[in-house]
Amino acid sequence: MSSRPEADDPRLGDLSEGTILHAILSRTAPATHTLIGPGDDAAVIAAPSGTVVATTDTLVHGPDFRLAWTNGYDLGWKAAAVNLADVAAMGATPTALLVALAIPRDLRLSFVERLADGFRDACDALAPGCAVVGGDLTTSDVLTVAVTALGDLGGRRAVTRAGARPGDVVAVAGELGHAARGLGILFGRFTEDGAPVPVDASRLGPGERGAVDAQLRPSPPIGLGPVASTAGATAMMDVSDGLALDAGRLAEASRVTLALDSAALGADPTGALAGGEDHALLATFPEGILPPGFRVIGEVCEQGPVALLCDDEPVDVSGWDPYRDWDSASG
């Protein structure tokens, strides 16, 4: 919510595109590798290694976030973080973000200003030197934030999902299951007649507040992506749709079976396997290699009849699917 009086916080529908863009861009910082920034038809970003890593992700009001639960700042932070994590999962250092916004006309100017603040602060905290360098702005009945992230490998090789080998260890950096727990708290405690209502922080215990924060404002270990590549990671990916689903994807891409140890998954192994949106880094390393920040959760085996095992039992390779889970997410 804005602290400004409404008279000083105009609706976006009452402003020009130029005014809105100025409000956004005046709150962004320059990116380290920017040669030409906002103001032209396109930005120009240096790629010192000669290789550009690129990814894109879209957050849509309804299935991906709810304005009753999140504010502009947290939304900007999360939209940056989920894209930075994908760049890091390739072993690259994020260099720039391009942001396309489709915004309802009745939102206030303060919302997009705080959105820009969230993008700036997430980049400063998670990927120093990276920043928003351009994008697009249009109107829509449904608030949509689409981000393209660029990264540089710095002379390192790109780490894909397809390189895990039997005998490697399976490791993870970051938390597992916390964001899903936070989403469960939001749906279970902050709805009325099925509709989201604002979060009352006084109703959250210390652990619950951390889980809700992990859902609304994730902090993936972005800097550990390049560290893992340098250390010799054989495969790596961002855990965005739940460990079970994403570990299964890595196993299938590498044509191996991953055998996980539930004791290494924390106090709630089931939640760690099924939860999504933590944006931890899942990686495999040759035995004897484990960079700081990663912890071992299993091992890579020869390809078997199933892609994923936990305590030698088959695991259902399922997690968040925006098409299968659309009704439960947007209802």
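**Helix packing and salt bridges in a predicted model**

Good morning. I begin with the record: an unreviewed UniProt entry carries the annotation "domain: PurM-like N-terminal" for residues 39-151. Everything I describe comes from a predicted model. Over residues 39-151, the chain is 31% helix and 35% strand, and the C-alpha atoms at the two ends of this stretch lie 21 Å apart.

Let me turn to a pair of helices. Helix 4 spans residues 178-189 and helix 5 spans residues 206-216. Their axes are 7 Å apart, and the packing angle is about 105°. Since angles of 65 to 115 degrees count as roughly perpendicular, that is how helix 4 is placed with respect to helix 5.

Which residues make this contact? On the side of helix 4, they are H178, A179, R181, G182, L183, I185, L186 and R189. Helix 5 contributes G207, E208, A211, V212, A214, Q215 and L216. Sorted by class, the contact of helix 4 with helix 5 comprises 8 nonpolar, 4 polar and 3 charged residues.

Helix 5 also deserves a view of its own. Its buried residues are E208, A211, V212, A214, Q215 and L216. Against what do the buried residues of helix 5 pack? They pack against helix 2 and helix 4.

I now come to the charged pairs. Side chains of opposite charge can pair when their charged atoms come close. The structure holds 12 salt bridges, and I shall take three of them in turn.

The first I wish to show joins R217 to D74, with 2.6 Å between the closest N and O atoms. R217 lies in the loop between helix 5 and helix 6 (224-231), while D74 belongs to helix 2 (residues 72-88), so this salt bridge ties together parts that are 143 residues apart in sequence. Are the two partners buried or exposed? R217 is partly exposed, at a relative accessible area of 36%. D74 has a relative accessible area of 9%, and is therefore buried, the cut-off being under 20%.

The next pair is D117 and R120, whose side chains meet in a salt bridge at 3.0 Å, N to O. Both sit in helix 3 (residues 109-126); they are 3 residues apart, which means a separation of about one helical turn. D117 counts as buried, because its relative accessibility is 4%. R120, at 26%, counts as partly exposed. This pair also belongs to a wider arrangement: R27, E113, R114, D117, R120 and D121 are linked in a network of salt bridges.

The last pair consists of D241 and R249, and here the closest N and O atoms are 2.8 Å apart. D241 is buried, with 14% relative accessibility, whereas R249 is partly exposed, with 29%.

Finally, I would draw your attention to L67. Where is L67 located? This residue lies in the loop between strand 3 (52-60) and helix 2. L67 is partly exposed, with a relative accessible area of 32%. Setting aside neighbours within four places in sequence, L67 is in contact with H61, L107, F111 and L143. L67 and P196 are 129 residues apart in sequence, yet their C-alpha atoms are 8.5 Å apart in space.

To recapitulate, helix 4 and helix 5 pack at about 105°, and the salt bridge of R217 with D74 joins the loop after helix 5 to helix 2. Thank you for your attention.

How values were computed: Residues are numbered from 1 along each chain as its sequence is written. This is a predicted model: local features need pLDDT of at least 70, side-chain atom pairs count only at pLDDT 80 or more; totals for chains, interfaces and linings use all residues. Side-chain values use heavy atoms; hydrogens and water are left out. Axes are lines fitted to C-alpha atoms, for helices over the stretch in contact, and angles run from 0 to 180 degrees between N-to-C directions. Helices (H or I, at least four residues) and strands (E, at least two) are DSSP runs, numbered from the N terminus. Angles under 35 degrees count as roughly parallel, over 145 as roughly antiparallel, 65 to 115 as roughly perpendicular and the rest as oblique. Contact means heavy atoms within 4.5 Å. Ala, Val, Leu, Ile, Met, Phe, Trp, Tyr, Cys and Pro count as nonpolar, Asp, Glu, Lys and Arg as charged, and the others, Gly among them, as polar. UniProt positions are given in the numbering used here, feature names are shortened, and annotations may be inferred rather than shown by experiment. A salt bridge is a side-chain nitrogen of Lys or Arg within 4 Å of a carboxyl oxygen of Asp or Glu. Buried means under 20% relative accessible area, exposed over 50%, partly exposed in between (1.4 Å probe, protein chains only).
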